[in-house]
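Trainee: I would like to practise setting a computed value against its definition before I accept a label. Could we work through some charged pairs together?

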Amino acid sequence: MVKSMTGYGRAVETVDGREITVEIRSVNNRYLDCSVKLPRLYAFAEDALKQRVRQSVSRGKVDVYVTVNVTQSNHVKISLNRPLLEGYLQAMRTAAADYGVKDDISVTALTSMPDVLVVEKEAEDEKQMTQALLSVTEKALEAYNAMRLTEGRALEEDLRRKGKNILALVEKVEQRSPITVAEYRARLIAKMEEVLASTAVDEARILTEAAIFADKIAVDEETVRLRSHLAQLDTMLGAREPVGRKLDFLMQEMNREANTIGSKGNDIQQARTVVDIKAELEKIREQIQNIE
């Protein structure tokens, strides 16, 4: 099944008093380039998250953003720095006595002094927290892949439609090829009759020249290969594994055949058809850049 390289997925879940949010975004890239942005406290889980993304994505520039908000106070312990608090308290009382000012010391005033309150976060169970982050990442990946599949189906339909357009143009090339030879033979006879005037035209020579010309402009091999490539395109679009790189290579082969057909013919109608084929191939090539 075709997947787009661009996508977005988001999941939010509260696990053990922590609200975990995971966002996944991706854009086109020739290879897989995955970056995970985590709060510094949870940096230990970065490699595990990257590995999980790599299991699901083969191409694209993928950015994973993780935020963690503590929703329960049992993960944080607040205590007093008693020696420091007593030092502040003694200094304030001394100032009140020495300078004759009102002693209005309050809890609010004391606890607002620098470093009086000590905030200690509960030690993390790295294995447990990594599993929690992976669980939320899994849900974000589900949403992300669902979006990529939806876009992929649209891409697949468009590529199949363009493939049918090219097949119809190949049929035009095949139908036109023998007509081109017959027209050349007629022009050759007319030219020879004009040059030789009343002298009888050598039919054997005409047939030989026409045969040489037909061999020179024959595009049977190229059209057969183009048909084969189009059949491959159809098969690849139905594959379950990522096919973006294979399709890229297939387009190079199809362009080569189209160029060969264009170089062999000196017929205007044929040339126009080849231009149309190459235009469709270019459209396919551009679309393939979006496929994983």
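**Salt bridges, checked step by step**

Mentor: Gladly, and keep in mind that this is a predicted model. The side chains of Lys-162 and Asp-158 meet in a salt bridge, with 2.8 Å from N to O.

Trainee: Why is the contact between Lys-162 and Asp-158 called a salt bridge?

Mentor: The definition asks for a side-chain nitrogen of Lys or Arg within 4 Å of a carboxyl oxygen of Asp or Glu; the N to O value for Lys-162 and Asp-158 is 2.8 Å, so the pair qualifies under that cut-off. Both Lys-162 and Asp-158 are buried, and they lie four residues apart in helix H4 (residues 126-196), which means that about one helical turn separates them.

Trainee: What makes Lys-61 partly exposed, and is Asp-63 buried or exposed?

Mentor: Lys-61 has 32% relative accessibility, and because partly exposed covers what lies between 20% and 50%, the label fits. Asp-63 has 13%, and since buried means under 20%, Asp-63 counts as buried. Lys-61 and Asp-63 also form a salt bridge, their closest N and O atoms being 3.4 Å apart.

Trainee: How do you know that Arg-227 and Glu-171 form a salt bridge?

Mentor: Their N to O value is 3.9 Å, which is within 4 Å, so the rule is met. This pair links distant parts of the chain, with Arg-227 in helix H6 (residues 220-237) and Glu-171 in helix H4, 56 residues apart.

Trainee: How many salt bridges does this rule give?

Mentor: The count comes to 22.

Note on methods:
Residues are numbered from 1 along each chain as its sequence is written. This is a predicted model: local features need pLDDT of at least 70, side-chain atom pairs count only at pLDDT 80 or more; totals for chains, interfaces and linings use all residues. Side-chain values use heavy atoms; hydrogens and water are left out. Buried means under 20% relative accessible area, exposed over 50%, partly exposed in between (1.4 Å probe, protein chains only). Helices (H or I, at least four residues) and strands (E, at least two) are DSSP runs, numbered from the N terminus.
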